[in-house]
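Student: Could you take me slowly through one part of this model, the place where two helices pack side by side, and explain how their crossing is described?

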Amino acid sequence: MSRPFEGRIALVTGASRGIGRAVALALARAGAHVVALARTQGALEELDDAIRAEGGEATLAPCDVRDFPALDLLGAAIFERWGKLDIFIGNAGVLGPVSPLAHVEPKQWEDVLAVNVTANWRLIRSLDPLLRAADAGRVVLISSGAGHRADYKPYWGPYAISKAAVDALARTYAAETVNVSAVKVMAVNPGPLRTHMRAKAMPGEDPTILRTPEELAPKLLALCAQDWPETGKLYDFPTDRLLSFQAPR
Ligand code: NAP
């Protein structure tokens, strides 16, 4: 079996299920050592078993991404053990309340912004020297069409606002690393995929009509490859296109 990611270290947040689990497995199959982060320890252990059954390697990081000091410690631990990080997949996310902005509770708002945005910034802050120390550091932040639609939907405020911020985070970090490092930073719109989050968002939908995280995973691996040339762009899975961000007309 081809193992193009042999020797590479990859942190995947939200690795316990859905998109994160699928990309963690695919990276491990391709030879990467996966650092798998999520809150649900049992699901991480099950992922570890699946990775080891195929001859891969993982390190489990059971952690809540809202525990920001723990994210700092994770960066320090990765530095101690490997001195670099090749791949950071910022995938952990929550939908939050689907309700009018005026009905959103402050705690709900804070949680969505903490998980979807601040945790990714705290991880970039903690991991930046490690990504620059890698010979081809790759960052993939999982965004959503909800963040950059021309016609914003009512009631999806906290989620859409958080994902617009994720796009801005990816573009800003790309602008800060381009030309002065080998780091490449991409945002990704997965489109509707058959996961727990999608079922929560669209309870009446037949999940069998949706594509699966396993179908997206090879595309995410392409964005992490050493020869991936682009930075600061959005990969749109539904149309299989790279999009440049455009100012509103
Ligand atoms: P999912 O099945 O609900 O998985 C979400 C993952 O995030 C889980 O592994 C969960 O792990 C983790 N997570 C949530 N809160 C966390 C916290 N506080 N600390 C640590 N980990 C946390 O959802 P998914 O569909 O795979 O979503 C993955 C990403 O894709 C999200 O950023 C989502 O916004 C984005 N996305 C999904 C779709 C879609 O249709 N599925 C479309 C567009 C964008 P634990 O619960 O174990 O902590």
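Tutor: Before we look, one term is needed: a crossing of two helices is called left-handed if the near helix is turned anticlockwise from the far one by less than a right angle, and right-handed if it is turned clockwise. Please keep in mind throughout that this is a predicted model.

The pair to look at is helix H4, residues 106–133, and H5, whose axes come within 9 Å and cross at roughly 15°. Angles under 35 degrees count as roughly parallel, and that makes H4 roughly parallel to H5. In the sense just defined, the crossing of H4 and H5 is right-handed.

If you now follow the residues that make this contact, you will find on the H4 side, among them, Trp-109, Val-112, Leu-113, Asn-116, Val-117 and Asn-120, and further along Trp-121, Ile-124, Asp-128, Leu-131 and Arg-132. From H5 the contact includes Pro-158, Tyr-159, Ile-161, Ser-162, Ala-165, Val-166, Leu-169, Tyr-173 and Glu-176. Sorted by class, the contact of H4 with H5 has 14 nonpolar, four polar and four charged residues. The spacing of such numbers is worth a pause: an α-helix has 3.6 residues a turn, so residues three or four places apart point the same way.

Let us next take each helix of the pair by itself. H4 has 28 residues and reaches 39 Å from its first C-alpha to its last, which is close to the 40 Å expected at 1.5 Å a residue. Along H4 there is also a kink of about 55° at Leu-127, shortly before the proline Pro-129. H5 has 21 residues, 157–177, and because 1.5 Å is expected for each residue, it should span 30 Å, which agrees with the 30 Å between its end C-alpha atoms. H5 is followed by Asn-179, whose phi is positive, near 70°.

For comparison, you can set another pair beside this one: the axes of helix H1 (residues 18–29) and helix H7 (residues 213–224) come within 8 Å and cross at roughly 55°. H1 and H7 are therefore oblique to each other, although H1, too, passes H7 in a right-handed crossing. Here residues including Ile-19, Ala-22, Val-23 and Ala-26 in H1 meet residues including Leu-216, Ala-217, Leu-220 and Leu-221 in H7, and the residues of this contact divide into 10 nonpolar, one polar and one charged.

How values were computed: Residues numbered from 1 in each chain as written. Predicted model: local features only at pLDDT ≥ 70, side-chain atom pairs only at ≥ 80, totals over all residues. Heavy atoms only, no water. Helix = DSSP H or I, 4+ residues; strand = E, 2+ residues; numbered from the N terminus. Expected span 1.5 Å × (residues − 1). Axes fitted to C-alpha atoms, helices over the stretch in contact; angles between N-to-C directions. Parallel < 35°, antiparallel > 145°, perpendicular 65-115°, else oblique. Contact = heavy atoms within 4.5 Å. Nonpolar A, V, L, I, M, F, W, Y, C, P; charged D, E, K, R; others polar. Bend = angle between axes of the 7 residues up to and from the residue.
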